[in-house]
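Biologist: Please give me a close look at the aromatic side chains here, and then tell me how the rest of the chain is put together. Keep it informal, I'm a bench person.

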Amino acid sequence: SVTRYTSSVMQPEQKLILKLIFQHNRRNSVDKEKQSLKCGLLNLRPHFLQKFNSARWFFAFFCLAFLVHHMTNTMISVNLSTIEKRFDLSSTKSSFIINAYDISCAVTVMFISHFCKNSKPKWIGIGIIVMGIGALIFTIV
């Protein structure tokens, strides 16, 4: 509270200014908190995206990402022999690449679940974008 920080020696104008500063800081922190809960990327949070700001839409997008992820894994498994021949890889090297991908996913999940307490959906979204870029690179190669 403001009275805790004001002394009896302060003028009434100084007390009023201090009170206004505290109210302004409290209002700014509430506005920043509301802004951080909005759906969007970085500072781009358009109004039309806010209808997707619910657990139901997060689950729908996560299921879609899960489906695409497994389609990519299936595509890698089907094309593994072609990749081995094209790049002259031994089966040991190609299996190492596939296992490294799975291990990196597991490490990333542990990192996100431990360090990202408040913004898990944001980091999961960033991870899905990175996975999508990786899948596009794989289809080009």
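Modeller: The count comes to four aromatic pairs, where rings of Phe, Tyr and Trp (its six-membered ring) pair if their centres lie within 6.5 Å, and planes under 30 degrees apart count as stacked, over 60 as edge-to-face and the rest as tilted. One of them joins Phe52 and Trp57, and it is edge-to-face: the planes stand at 90 degrees, with 4.7 Å from centre to centre. Phe52 also pairs with Phe61, where the centres are 5.8 Å apart and the planes sit at 65 degrees, so this pair is edge-to-face too. Put together, Phe52, Trp57 and Phe61 make one aromatic cluster.

Before going on, a word on what you're looking at: this is a predicted model, so local features need pLDDT of at least 70 and side-chain atom pairs count only at pLDDT 80 or more, while totals for chains, interfaces and linings use all residues. Residues are numbered from 1 along each chain as its sequence is written, and side-chain values use heavy atoms, with hydrogens and water left out.

Now, are those rings buried or exposed? Phe52 counts as partly exposed because its relative accessible area is 24%; buried means under 20%, exposed over 50%, and partly exposed is in between, with a 1.4 Å probe and protein chains only. Trp57 is partly exposed as well, at 35%, and so is Phe61, at 43%. Trp57 has its place in helix 3, residues 55-78; helices (H or I, at least four residues) and strands (E, at least two) are DSSP runs, numbered from the N terminus.

Two of the cluster's rings turn up again on the surface. Trp57 and Phe61 form a nonpolar patch with Leu64, Leu67, Val68 and Met71, and together these residues have about 580 Å² of accessible area. Such a patch takes residues with over 30% relative accessible area and no salt bridge, joining like charges within 9 Å and nonpolar side chains (Val, Leu, Ile, Met, Phe, Trp, Tyr) within 5 Å. A salt bridge here is a side-chain nitrogen of Lys or Arg within 4 Å of a carboxyl oxygen of Asp or Glu.

Stepping back to the whole chain, there are six helices and zero strands, running α-α-α-α-α-α from the N terminus on. Of the 141 residues, 9% are buried. The accessible surface comes to about 11,700 Å², and carbon and sulfur atoms hold 68% of that; these areas come from the Shrake-Rupley method with a 1.4 Å probe, and for residues only the protein chains shown count as cover. Taking contacts between residues at least 6 apart in sequence, 32% join residues at least 24 apart, a contact being heavy atoms within 4.5 Å.

A few places let you follow the packing. Leu80 sits in helix 4 and is partly exposed because its relative accessibility is 22%. Leaving aside residues up to four places away in sequence, Leu80 touches Ser94 and Ile98. The C-alpha atoms of Leu80 and Ile98 are separated by 9.4 Å, with their positions 18 residues apart along the chain. Over in helix 6, residues 120-140, you'll find Thr139, partly exposed at 48%. Its C-alpha atom is 9.4 Å from that of Ile76, and the two are 63 residues apart along the chain.

There's also a backbone oddity. Asp88 has a positive phi of about 55 degrees although it is not a glycine. Asp88 belongs to the loop between helix 4 (80-86) and helix 5 (91-115), and it counts as exposed because its relative accessibility is 70%.

Lastly, confidence. The mean pLDDT of the chain is 75, and 72% of its residues reach 70 or more; pLDDT is the predictor's confidence in each residue, from 0 to 100. Helix 1, residues 2-5, is where confidence is lowest, at a mean of 50, and helix 4 is where it is highest, at 85.
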